[in-house]
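Notebook open, structure loaded. I'm jotting down what I look up as I go.

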Amino acid sequence: MAALINVPAKARRGEIIEIRTLTSHIMETGFRHTADGALVPRDIITNFTCRYNGAEIFRADLFPAIAANPYLSFFTVAKESGKFEFEWIGDNGYSSSASASITVE
Amino acid sequence: MSFWRAISAAALLATTPALLAGEIPPDARRSGYSFMAPDTRAMQDDDTSNPGMLFVLDGEALWTKKTGSADKACADCHGDARGSMKGVAARYPAFDKALARPVTLDQRINLCRSNHQQAPALPYESRDLLALSAFVAHQSRGTAITAGDDPQLKPFVEQGRDLFMQREGQLNLACTNCHDDNFNKRLAGAPITQGQPTGYPLYRLEWQTLGSLERRLRSCMTGVRAQAYDYGAPELVALELYLMSRAHGLPMETPAVRP
Amino acid sequence: MPTTRRQFLNLAGSVSVAGTIPIVTLRPLEATPAMLSAAIRNVVGEAPVRTGKVKLDIPPLVENGNTVPMTVSVASPMTADDHVKSIHVFNEKNPQPNIGNFYLSPSSGRAQVSTRIRLADTQKVVAIARLSDDTFWQVATEIVVTLAACTEEMN
């Protein structure tokens, strides 16, 4: 599944940077019914984690009230060059990941 | 809910008794973008916050993926889409000589699949078809729309125009009653736009997914309590062609974001 | 035969009545104030929740309740001694009161999170921040959600 990650390619040491992520997921609420009355089972992303050179810097628990194709924006202090890793975990064993690198000067 | 919608629709009719069909002058044509709130515009403007771009990315992957018994990818014939597909979507629906009628971009993709890739057609509104058509149309972002300029399309543009002007459904409304005569007003809190199809396939917040112009037209038809034409029906293609010719000169925005 | 306004309204009225039948269900269709306070208690326990420090930005004109941009920010220096540990967002009238929990640390630099949420109706949204001293701060905002004029075939 596609994911869009926006991390600045370069930052000054100590600079506060914004990280934006967008990933494909239907986020089926589990509260909707089909035309013949059957409940559509819940199928959502439940957890999101961002790690910066291995250390967790941001985590979120998501609920059915998060819109389809979840968008998350958050901040971190640029400490050192390296890699951001993103992980989405959800219902029915769903798991996806992405990464982005940064150069800190 | 339906009841209150009905009241507001009835009120709209009551306050505008003389509904004369009149086309919008070219210099007054406006994209649906101009009717949106700043937050929704911002969502479209930034590619990393525009959820339609997720589909463009999927389409880019499909473009180079071999498929069908011919084991060919789109790229095997068309090469780099950034060059070969630039401006193409701005000319669609386009006249197909073999079929002697206009075909939509979705139909062109499926014709390519059956004729050149020997692959089964992708269903209308399926993720793969939307992704491919979003990827192709995205290559025309910024290109002025010229669909309908081909003289062979004239009778089909006329057919689409007639359908646009024709009252239908239990509300007995034609497209023109809202989108020519009453744009800029509001219907149940939502702005009425000119219905310019500049950004399809587009991401609708209502749908929470990407959808085609045909899906949008069908939901308008449901809105006026009319029987919607089937996907791919000649009437829908003619309407799409007329709408694109009506948006002549407006830049393509695919993938647009709309409420 | 042309449909008169009276006939149409009658028809629409009957459609509306028919449309309400599926609402008779065992599952509560909206979170109750009790569910909202239970969800909040689940996070804060017995601790008092003070008003202030937290800012909730949701556009004044929500164009569609299915995808509503939302930003929560907290006035905090985000130092090791004084920072936001977590932000919790709740709603009043969706089928379930939780929207999201967001966990921060001093390395966040700025206590601000944005996402896109679903709001089933005009309702109150509550954002609560837990600070490093384990105090809780909140803001509550009433959000007006207009219904789309034309929707597709009913589910």
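Before splitting anything up, a note to self: domain bounds here come from an automatic or database domain assignment. For chain B that assignment gives domain 1 (52-138) and domain 2 (146-258).

Housekeeping next. This is a predicted model, where local features need pLDDT of at least 70 and side-chain atom pairs count only at pLDDT 80 or more, while totals for chains, interfaces and linings use all residues. Residues are numbered from 1 along each chain as its sequence is written, and chains are lettered from A and ligands numbered from 1 in the order in which they are written.

**Chain B, between the domains.** I looked up the centres of domain 1 and domain 2 of chain B, over C-alpha atoms, and got 22 Å between them. Their contact (C-beta atoms, placed from the backbone, within 7 Å) takes 23 residues from domain 1 of chain B and 25 residues from domain 2 of chain B. On the domain 1 side, the largest share is five residues, from helix 7 of chain B. I count helices (H or I, at least four residues) and strands (E, at least two) as DSSP runs, numbered from the N terminus.

**Chain A overall.** I find eight strands and zero helices in chain A. The radius of gyration, taken over C-alpha atoms, is 16 Å for chain A, against near 13 Å for a compact globule of 105 residues; the globule rule is 2.2 Å times the number of residues to the power 0.38. The C-alpha atoms of chain A fill a box of roughly 60 × 20 × 20 Å along the principal axes.

**Ala67(A).** I went to the loop between strand 5 (55-62) and strand 6 (71-77) of chain A, where Ala67(A) sits. Is Ala67(A) buried or exposed? Ala67(A) is buried, because 24 other C-beta atoms lie within 10 Å; the cut-offs are 20 or more for buried, 12 or fewer for exposed, and partly exposed in between, with C-beta atoms placed from the backbone. Leaving out residues up to four places away in sequence, I see Ala67(A) touch residues including Met27(A), Gln208(B) and Arg116(C).

**Chain A against chain C.** I get 24 residues of chain A in contact with 27 residues of chain C. Strand 5 (98-103) and strand 6 (112-117) of chain C each supply at least two residues of the chain C side. Strand 5 of chain A and strand 5 of chain C run antiparallel, joined by four bridges; two strands pair if DSSP finds at least two bridges between them. I noted one bridge partnership, Leu62(A) with Gly100(C).

Methods. Contact = placed C-beta atoms within 7 Å.
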